[in-house]
Amino acid sequence: MTFEYAPAPESTAVVKLKPEYGLFINGKFVPAKDGKSFATINPSNEQHLAKVAYASEADVNKAVAAANEAYKKIWSKMPASERGKYLFRIARILQERAREFAVLESMDNGKPIRETRDVDIPLAAAHFFYHAGWADKLEHAGMGSNPKPHGVVGQIIPWNFPLLMLSWKIAPALATGNTVVLKPAETTPLTALLFAEVCQQAGLPAGVVNIVTGDGKTGSLIVNHKDIQKIAFTGSTAVGKGIARAIAGTKKAATLELGGKGANIVFEDAPIDETVEGIINGIFFNQGHVCCAGSRLLVQENIQEELLEKLKRRMALIRVGDPLDKNTDLGAINSAAQLAKIRELVDSGDAEGAERWSPACDLPAKGFWYPPTFFTGVTQANRIAREEIFGPVLSVISFRTPQEAIEKANNTPFGLSAGIWTDKGSRILWTAKHLKAGVIWANTFNKFDPASPFGGYKESGWGREGGRHGLAAYLKGVH
Amino acid sequence: MILTDGSESSIKSFLRTLSPVDQVGADARAAMLATRSIKTSSKVWAIDIAISMIDLTTLEGADTPGKVRAICTKAVRPDPSDPTVPHVGAICVYNDMVKIARDQLDASGGHDIPVAAVSTAFPSGRASLDVKQRDTEDAIASGAQEIDMVIDRGAFLSGNLAKVFSEIEFIKGICGDKAHLKVILETGELVTYDNVRKASFLAMAAGADFIKTSTGKVTPAATAPVVLIMLEAVRDYYAMTGKKIGVKPAGGIRNTKDAIKQLVLVNETAGPEWLNPQLFRIGASALLNDLLLQRMKIRDGHYAGPNYVTLD
């Protein structure tokens, strides 16, 4: 008999879903002016979760006006230490309600409860704590003696880390004295709306944070609004380029955190078992829905066979299934559209002659699922080596010399993340020096901290989020 | 497959072929596996398999024949009120108690439960080879079917690997087919994970049937990352040689939760084929009672007090 882990599902009783959610404008939930709404579903079983208001032009105008009013009358006049108190309060409430947020995030996004519980929610709270501390110390941040906020900032966030991306955006914006109009992703609006309740609970002055739900059109209304001074966007490179075009010639500032095709470089002297864990974490964390995923595995030729054997053995242990089961490692793909995109790119890999491998695994019948997968025999010219798949699919490419590893790693329009695996400290430094990537991990992957700036080179974006550099993005005239 | 001829240079060059261990990564993997949630039917199964893997141990200066007889009786039938509880894996005692334990096990129906003796100047290993030889021969003559020997940590840490290797080889020769050899690395004194991995391979290449973490006299003992690294070592050794070596964590595993975490480590590292008493043992004393109390709780639906399990 073998050791089967019986289902260990997290209870959903802690989440009180409403049938319908309004827009959060000026401290209150209000319906959309024209009464339009859309549905959000649980991607692991396609069950309807709630109806959410769809913000059109009148609603976005109202939200921006509320943010403007709050900026002029309250937030810009408040002593910085008071602003900090609100942020501390929000951080503490996020911790107190962590389980509720973790369960809701898993339901709306499809990611495993182990990750929402251990990564998303604790990190979101950490971002508020970190920035709360900065609020009254900005003049000591090395950005001039009297740094000034932009005013109203428009923020558009993706569906891969809904609450975490919200906190990356809202915490520094509020700490530096801006007010916010934020649009969560169309498929994952619920934790942002629960966060709106947290703002109410914290007594945050009305209009400082406004949350409008909708789709790309709602987003473009924010981007093009004349009273918004700064745009912060995380999402695809295509949309990011559109935003750059839209704001060209205006005085709007922008930070764009876009796609990536991270190289995870494994040298022959790497600690092999921990490297295998790092590869798994690099590409299968959050179903590979990570802009900084280590989606290209660059492995030194002489250890490729051994490494892939170990990787296969380890991948066979990945537990795919119910995101709310505490033992699940890989959850659901976030949407039917994303699943179709993954399949399209995988088909191109097959058609271009790369060799595909997945462990045997039973996928649930309902919902959107994709098994952990890697391709070998991949060349730099294959689409799966160049385009962001944003799913649990790894492309394996070999190299002979460190120079070749650098050339291949940098031979991409992106430049967000990279990983280096070696036992040699000198080689870590040499490799990191030559890589063109905004974030480089050595002997680890996908580690985040609010104090550490995050962002990309080239088509991976503009600006940094987190740390002192992240504050600069929300202050006027500082780069 | 011969991995080394036992000479200093050959052992060193063999150990140099091993992949290094990254401490941060190993700690993180062990911590992640500790979050596995084992409930209901899988917990019932895990408790019984854990009981069957226990090397029920008493290694005190104050041990008495009476106490040894008591734990032997308990080893055969851990819960007197419930015959469905499996017997433990082995009894582990000092040399002078081996015969007493063997006789008591035989008298109470525990013929198939082996007696393990701690040997080679346990726990420090600081004695001449002659003394270690006599120690081991004495244990086997008294009826020990398993020998838990300690390695010479002083020799290992100072780089005298051939001495460590030849001692294990020598003791293995004495054990022959009469006794299984468990080699105690005392990982708390080896300190680094690289050392644990090297010592594991050294012991396996020299003839160990089992590699064991600790004597129980040094802290830290069987920490999760150390057990993880030893399980990776036996898995890799099996891939190299086709030979399965057992692992025995000992020291610090006191409750059901800890024991189940060990089983998860085995299941997801060496693999399910290691989940049996032939290849995995847990050296413990207090653990057995907690497993029994948890078992009663699942059976009866409520916790029983400590007086519902036997003292020794």
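**Chatting through a two-chain model**

Modeller: A:Q287 sits in the loop between α9 (272-284) and β12 (296-300) of chain A, helices (H or I, at least four residues) and strands (E, at least two) being DSSP runs numbered from the N terminus. This is a predicted model, where local features need pLDDT of at least 70, side-chain atom pairs count only at pLDDT 80 or more, and totals for chains, interfaces and linings use all residues. Residues are numbered from 1 along each chain as its sequence is written, while chains are lettered from A and ligands numbered from 1 in the order in which they are written.

Colleague: Is A:Q287 buried or exposed?

Modeller: A residue is buried if 20 or more other C-beta atoms, placed from the backbone, lie within 10 Å of its own, exposed if 12 or fewer, and partly exposed in between. A:Q287 has 32 C-beta neighbours inside 10 Å, so it counts as buried.

Colleague: Which residues is A:Q287 in contact with, leaving aside its neighbours within four places in sequence?

Modeller: Contact needs C-beta atoms, placed from the backbone, within 7 Å. One partner is A:G331, 44 residues apart from A:Q287 along the chain, with the two C-alpha atoms separated by 6.4 Å. The full list is A:K111, A:L330, A:G331, A:I333, A:G391 and A:P392.

Colleague: Over to chain B: how many residues of α12(B) are buried?

Modeller: α12(B) has 13 residues and reaches 18 Å from its first C-alpha to its last, close to the 18 Å expected at 1.5 Å a residue (that is, 1.5 Å times one less than its number of residues). The cover over its buried residues includes α2, α3, α11, β8 (282-284) and α13 (287-300) of chain B. Among the buried ones are B:T256, B:K261 and B:N267. The helix is mostly covered, and the buried count is 10 of its 13 residues.

Colleague: Which element gives the largest share of the side of chain B that touches chain A?

Modeller: The contact takes 24 residues from chain B and 20 residues from chain A. On the chain B side, α2 (23-33), α3 (40-52) and α12 (256-268) give two or more residues. The largest share, five residues, comes from α3(B).

Colleague: What is α10(B) relative to α11(B), parallel or oblique?

Modeller: The axes (lines fitted to C-alpha atoms over the stretch in contact, angles running from 0 to 180 degrees between N-to-C directions) come within 9 Å and cross at roughly 40 degrees. Under 35 degrees counts as roughly parallel, over 145 as roughly antiparallel, 65 to 115 as roughly perpendicular and the rest as oblique. That makes α10(B), relative to α11(B), oblique.

Notes. Two residues are in contact if their C-beta atoms, placed from the backbone, lie within 7 Å.
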